[in-house]
Amino acid sequence: MENCLFCKIAEGSIPSNKVYEDDRFLVFHDIEPAAPTHVLIIPKKHIATMNDVEQEDAALLGDLHLVAKEAAKKLGVAESGYRLINNCGPDSGQAVYHIHYHLLGGTKLGALVQNSSSHA
């Protein structure tokens with residue numbers, strides 16, 4: 001996608017602080033981290049949101065989770081724990097419409113939603 005920020009980062013026209021890269025995925029540090037460890041995991045294939053995923057993307061998204069696991073190990077948060085988040089659509093706070101996951105860790109993370117005790 002011509003105007004997609006993450007497509008531009010994936011192609012290298014916008015620099016990023018890379019943690020991992022292969023022919024299908026890129027992991028890079030978030031420029032506004034919400035935790036001591038906060039990286040973004042993106043497929044290089046442009047998919048706008050989780051709602052746009054097709055059956056043909058199933059293997060890609062499965063492999064994305066394996067990349068997340070390896071990134072957590074590389075970043076030193078695999079053993080202590082981390083959170084993997086995908087936001088979908090405006091109510092979730094999705095800011096860039098290129099499917100991506102946030103991997104957060106490096107500290108004890110709080111509730112998923114303000115005033116929520118259901119996941120304590």
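Modeller: A salt bridge here is a side-chain nitrogen of Lys or Arg within 4 Å of a carboxyl oxygen of Asp or Glu. Keep in mind that we're looking at a predicted model.

Biologist: OK, so how far apart are the closest N and O atoms of K45 and D57?

Modeller: They sit 2.4 Å apart, so K45 and D57 form a salt bridge, given the 4 Å cut-off. Both residues lie in the loop between β3 and α2, so the pair ties together parts that are 12 residues apart in sequence.

Biologist: Is D57 buried or exposed?

Modeller: D57 counts as buried, at 3% relative accessibility. K45 is partly exposed at 36%. K45 also meets E56 in a salt bridge, at 3.3 Å from N to O, and E56 counts as exposed at 64%.

Biologist: How many salt bridges does the structure hold?

Modeller: There are 6. One of them joins K44 and E21, with the closest N and O atoms 2.8 Å apart. That pair links distant parts of the chain: K44 is in the loop between β3 and α2, while E21 is in strand β1, 23 residues away.

Biologist: Now the cysteines. Why is there no bond between C4 and C7?

Modeller: A disulfide needs sulfur atoms within 2.5 Å. The sulfurs of C4 and C7 are 3.6 Å apart, which is too far for a bond. A search of the whole structure finds 0 disulfides. C4 is buried at 7% relative accessibility, and C7 is buried at 10%.

Biologist: And T49, which backbone nitrogen does its side chain reach?

Modeller: That of N51, at 3.0 Å. T49 is buried, with a relative accessible area of 9%. Leaving aside neighbours within four places in sequence, T49 is in contact with C88, Q94, Y97 and I99.

Technical notes: Residues numbered from 1 in each chain as written. Predicted model: local features only at pLDDT ≥ 70, side-chain atom pairs only at ≥ 80, totals over all residues. Heavy atoms only, no water. Buried < 20%, exposed > 50% of the residue type's maximum accessible area, 1.4 Å probe, protein only. Polar contact = N/O pair within 3.5 Å; in protein donor to acceptor, adjacent residues only side chain to side chain. Contact = heavy atoms within 4.5 Å. Helix = DSSP H or I, 4+ residues; strand = E, 2+ residues; numbered from the N terminus.
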